[in-house]
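Biologist: Please take a close look at the site around the ligand and describe it in one connected account.

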Amino acid sequence: MNKISDELRQTLIEAALTARQRAYIPYSRFPVGAAVVADDGTVFSGCNVENASFGLTNCAERTAVFTAIAAGRSRFLALAVATEGGYSPCGACRQVLAEFCDDLPILIVDTGLAGQVDELSLADLLPRRFARRQSDGR
Ligand code: THU
């Protein structure tokens with residue numbers, strides 16, 4: 001799995017925390033912030049964006065990934081996600097991340113525990129993912 005510098009790790013965490021403050025959450029009141037770093041070092045952040053038609057809600061992780069893709073970056077070194085409670089990405093977000101990387105360190109930030117950070121791996125979170133590529137996980 002990728003290893004990122006302590007400095008980049010901190011930048012990524014701060015980007016996720018800042019994005020969390022921009023969450024559009026009139027329904028759940030549960031803010032989530034995420035940030036991915038691309039292989040050229042650019043950081044893209046995202047927040048959850050809810051909708052009155054609940055199923056249209058976009059998670060913070062997917063907002064960050066889609067923003068990166070729209071900017072022409074699709075190779076990622078790491079992702080950070082910030083929530084109160086230190087939750088890990090949902091299944092849909094895991095699958096979207098797996099579209100672009102075999103494995104990826106995922107930094108889980110718990111804003112409720114003074115920003116405590118746990119590190120997980122995408123491959124551990126989504127074993128045998130659905131992937132129709134040479135590097136698929138069958
Ligand atoms: N949410 C995320 O942003 N990321 C996840 O991985 C799981 C859930 C959001 C969706 C919704 O706005 C709120 O958290 C409560 O489910």
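Modeller: By class, the shell around the ligand holds six nonpolar, three polar and two charged residues (Ala, Val, Leu, Ile, Met, Phe, Trp, Tyr, Cys and Pro count as nonpolar, Asp, Glu, Lys and Arg as charged, and the others, Gly among them, as polar). The model is predicted, with local features needing pLDDT of at least 70 and side-chain atom pairs pLDDT 80 or more, while totals for chains, interfaces and linings use all residues. Residues are numbered from 1 along each chain as its sequence is written, and side-chain values use heavy atoms, leaving out hydrogens and water.

Among the residues around the ligand, with a heavy atom within 4 Å of it, are Ser28, Phe30, Val32, Thr57 and Pro89. A polar side-chain atom of Glu61 lies 2.8 Å from an oxygen atom of the ligand, one of Asn48 lies 2.9 Å from a ligand oxygen atom, and a backbone N or O atom of Cys90 lies 2.9 Å from an oxygen atom of the ligand. Taken alone, the ligand exposes 380 Å², of which the protein buries 75% (Shrake-Rupley method, 1.4 Å probe).

The space that the ligand takes is the largest pocket, where a pocket is an open set of points on a 1 Å grid over the protein atoms alone, fitting a 1.4 Å probe, with protein on both sides within 12 Å along at least five of seven lines, and lining residues have an atom within 4 Å of a point. The volume of the largest pocket is about 160 Å³, and of its 14 lining residues the closest to the centre are Phe30, Val32, Cys59, Glu61 and Cys90.

How values were computed:
Polar contact = N/O pair within 3.5 Å; in protein donor to acceptor, adjacent residues only side chain to side chain. Sits in = over half its atoms within 2 Å of the grid points. Points joined across faces, edges and corners; volume = space filled by probe spheres on them.
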